[in-house]
Amino acid sequence: MELPPTLLRTTTFVLHKVGVANRRALAARLTADTGLSLWEFAALATLDDFGPAAQREVGDRLGLDPSDMVRLMDGLIAEGLAARERDPADRRRYRISLTAAGRDALERARAVVADVERQTLAPLTDAERRDLHSLVTKLFSP
């Protein structure tokens, strides 16, 4: 594909193209190597990083619609990667937590993510990778 020079001079367009290509590569590798979707990986990582939480809280952190979150969590629970239990602080609420199988799946997925990122960023030096991460993190302020 030969893109017009005008588009190649547009940083946000190039960032978009890199992001889309990396997301596709990451999603394909996650599914092939771990059986997880990108959203399943994101939900497991959220539970691991922040601990057990209400389903709505996980959805809010990921920016997912509540109905999509229900399907996502139901799938993770059915696969034995997460568990739904009563919240000990409020017996009216449920919270979602990782299971041992979920932690194992997440660790395998993290290795895949690191490998895909290493491949995607291969043209950059270690210093350039750190700089790039710093710059895009600065741009991404939710």
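Here are a few worked exercises on the predicted model above.

Ground rules: numbering starts from 1 along each chain as its sequence is written, and side-chain values use heavy atoms, with hydrogens and water left out. Since the model is predicted, local features need pLDDT of at least 70 and side-chain atom pairs count only at pLDDT 80 or more, while totals for chains, interfaces and linings use all residues.

**Exercise 1. Work out how the elements of the protein chain are ordered.**

Step 1: Take helices (H or I, at least four residues) and strands (E, at least two) as DSSP runs, numbered from the N terminus.
Step 2: That gives seven helices and two strands.
Step 3: Reading from the N terminus, you get α-α-α-α-α-β-β-α-α.
Step 4: For the overall dimensions, the C-alpha trace spans about 60 × 30 × 30 Å along its principal axes.

**Exercise 2. Find which residues of helix α4 are buried, and say what covers them.**

Step 1: Set the cut-offs: buried is under 20% relative accessible area, exposed is over 50%, and partly exposed is in between (1.4 Å probe, protein chains only).
Step 2: In α4 (residues 55-62), the buried residues are Q55, V58, G59 and L62.
Step 3: These residues sit on the same side of α4, because they cover an arc of only 100° around the axis (the arc is that of the directions from the helix axis to the C-beta atoms).
Step 4: Flip to the face turned away from that buried side, and you meet the exposed residues R56 and D60.
Step 5: The cover over the buried residues includes α3 (38-50), α5 (66-78), β1 and β2 (90-98).
Step 6: Just past the helix comes G63, with a positive phi near 70°.

**Exercise 3. Describe the surroundings of D87.**

Step 1: Locate D87: it belongs to strand β1 (residues 82-87).
Step 2: Its relative accessibility is 8%, so D87 counts as buried.
Step 3: List the contacts (heavy atoms within 4.5 Å): leaving aside residues up to four places away in sequence, D87 touches R93, Y94 and R95.
Step 4: The side chains of D87 and R93 are joined by a polar contact of 2.8 Å. Such a contact is a pair of N or O atoms within 3.5 Å; within protein, one must be able to donate a hydrogen and the other to accept it, and residues adjacent in sequence count only if both atoms are side-chain atoms.

**Exercise 4. Sort three salt bridges by where their partners sit.**

Step 1: Apply the rule: a side-chain nitrogen of Lys or Arg within 4 Å of a carboxyl oxygen of Asp or Glu. The count comes to twelve salt bridges.
Step 2: Start with D48 and R110, whose closest N and O atoms are 2.9 Å apart. This pair links distant parts of the chain, with D48 in helix α3 and R110 in helix α6 (residues 100-120), 62 residues apart.
Step 3: Next, R95 pairs with E85 at 3.2 Å between the closest N and O atoms. Here R95 is in strand β2 and E85 in strand β1, ten residues apart. R95 is partly exposed at 23%, and E85 is partly exposed at 28%.
Step 4: Finally, R118 bridges to D115, with the closest N and O atoms 3.4 Å apart. They are separated by about one helical turn, because they are three residues apart in helix α6.
Step 5: Follow that last pair outward: R29, D33, D115 and R118 are linked in a network of salt bridges.
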